[in-house]
Each structure stands twice: as structure tokens, then as C-alpha cells.
Amino acid sequence: MTSRTVGFIGLGIMGVPMATNLVRAGFDVVVWARSADPMNELVATGARAAADVAGVFDATRTVVLMLRDEAGVNAVLARGTERFSRLVAHHTVIQMGTFTTEFSRTLAAEVAAAGGQYVEAPVSGSRGPAVEAKLVGMLAGEASAVAEAEPVVAAMCAQVFRCGEIPAALSMKLAVNTFLITMVTGLAETFHFASRSGVDLDVLREVLAAGPMASVVSRGKVQKLTDDDMSAQAAIADVLKNARLAEDAAHTAGSAHPLITASRELYEEAAAAGRGDLDMIGVITALVARAEQSGVSSPEHREALQ
């Protein structure tokens, strides 16, 4: 076991490409997942598969967690049982999921009490940047733990920022998510309005790409709309979870949050309609549904009502 040996648990839509980039960066990566397919995919790139969670911790000092929710982290680490201390003692746990700040704060304290180190390391970006190792990482924790985690996180990111003490990285991520979610929701509304108004959507795409508001995200999501490609880079169900986290955090901080609330409501409607597996730009389907329910779906219909 060396500092270049890293465990990775959480091989989902983001985890697989992130772990792949660790392998490509020369790390000895030990992986585990509940299903065999993602582990087999990583083994084919040069990773090693562990038989279980304990096998990952036994083989490594540093373990990355990229799990979907807090319950998944609790289950993997066996929180509330004697196994928890045996797993995390003398290990650095790099928690890369996006959860509540209170969850992270209490987990950090428990890891420290068990003789381990804990680092928050949420990332900004979706599957595309994850594949290209162009995520943006945010780190928080004790200085020694952050220094140990930084090269690992940097191998999966274009840039990494030190944010301070826990839970500063997660607070930063929730602020970033507020901008991302409201921006993409606004982009969906833009295209919904344009399509109802008879605007040429291909020309609209070019106008937006040429203007000062253009970004990698806006160009990518607009391309998905004009190509009618709803395959998920960041799925509606996951974005809904993040919107709720951002809204709750804003409420706790006493920050006004009308835009994230409106966005969260739209993502809830899209998910309730069975569209949770679509890319987040698929929130446009909730706008279409609202227009249809209102009975005002076209200029011609509005004229008929006047």
C-alpha cells in the first residue's frame, strides 16, 4: 500500500469516469460496487476489484466515496456499528457527494473520533466533464488531510479550490448548484417560449452561442434541445435532489431563494411525470405540461380567447 493506492466506492454515472481518470493518472485504484458491471469496466482499464467494502479499506489508506445519497454513505461506512471505527481508523475518507452540510459536519466528527481523517470534496460538473477530467473540485477539512486528498482530487479535475474548514466546500457547492440549476431552468424556459413563438431554434442556438452569456453548459444543453437528445449527463432526479438541498440550505441561512424554489417545483413536476432519468434540460417537459394544462399553448389559441 502506497500513497498512490486509492480506494473508490460509488461507480455510478459520475463515479466510473472519475475512477477511470484516477487509473489513467497512474494511481493504483481499488474499486467496489454492488453490481459487477461497473467494477468489470474499471478492471478492464487497470483497476483492481475488492470483494467488499472492507476489502477496499484493507487495501488502501485513502478512500473516495462518490455515492448518490446520505443513506448510501451510512450503509457503506456501517455508521452506528462497531464496523465503522474499524473501517475508517487510520484512513483518509474523501467524501465527494453533495449532501447537507450538517450530515458532513457530523460525519467528519465521527471519523475523527474513530482515528481517521475526513475531507469534503464535492465537484462541479456532469458526466461530460467527468469523462474529460474537467470537473471543478472544492476541498474542505483539516490542512493535513486536504493536502493528502488534493492530488487524488486533482487527477479528476481541471481545477481544485481549497475552501476552508468543513462544511465550507459543501456550502460552496450548493451556491454553485443554485446558479447552475436556475440557469438551465431559464434556458429551458427560453426555448419553450421560442418554440411557442415560432422562433427558428437553430438560429436561436447560434445567437446564444455568439453572445456574452454563452458557456460550455449553455452550448451543451442547447445542443441537446435542438438534437432532441435527452440522454442524461445530469439526470432530472439527481438535479431535483440538489435543488432541494440548495433550497433547504438557503432557508437555513436566511437567504431569499425564489428562483431555486421555482426551479425545484419544475424538476419535481418532471420527475413526478416519470421523466427523472432524462437530462436536466428535460425540465422543459414540465413547462410544456404547464402550458397544456393552462390551455394557452400557442399564439393562435391566445387570439381565440380574446
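Start by selecting helix 9, which gives the most to the lining of the largest pocket, with seven residues. Helices here are DSSP runs of H or I with at least four residues, strands are E runs with at least two, and both are numbered from the N terminus. You are looking at a predicted model, where local features need pLDDT of at least 70. Residues are numbered from 1 along each chain.

Next, show the residues nearest the centre of this pocket: Met14, Gly125, Ser126, Gln233 and Ala234, out of 49 that line the largest pocket. A pocket is an open set of points on a 1 Å grid, where a 1.4 Å probe fits, with protein on both sides within 12 Å along at least five of seven lines; lining residues have an atom within 4 Å of a point. Its volume, the space filled by probe spheres set on the points, is about 1,300 Å³. Add helix 11 (216-227) and helix 12 (236-253), which are among the elements that each supply at least two lining residues.

Now move to the second largest pocket, with about 210 Å³ of space. Select Ala108, Tyr118, Glu142 and Ile166, which are among the residues that line the second largest pocket.

Finish at helix 13 (residues 258-272). Its 15 residues should span 21 Å at 1.5 Å a residue, and its end C-alpha atoms are 21 Å apart, which agrees; the expected span is 1.5 Å times one less than the number of residues. Colour Ile260, Leu266 and Tyr267, which are among its buried residues (under 20% relative accessible area, 1.4 Å probe, protein chains only). The buried residues of helix 13 pack against helix 9, helix 12 and helix 14 (284-294), with contact meaning heavy atoms within 4.5 Å. Just after helix 13 comes Gly274, with a positive phi near 85 degrees.

Methods. Predicted model: local features only at pLDDT ≥ 70, side-chain atom pairs only at ≥ 80, totals over all residues. Heavy atoms only, no water. Buried < 20%, exposed > 50% of the residue type's maximum accessible area, 1.4 Å probe, protein only.
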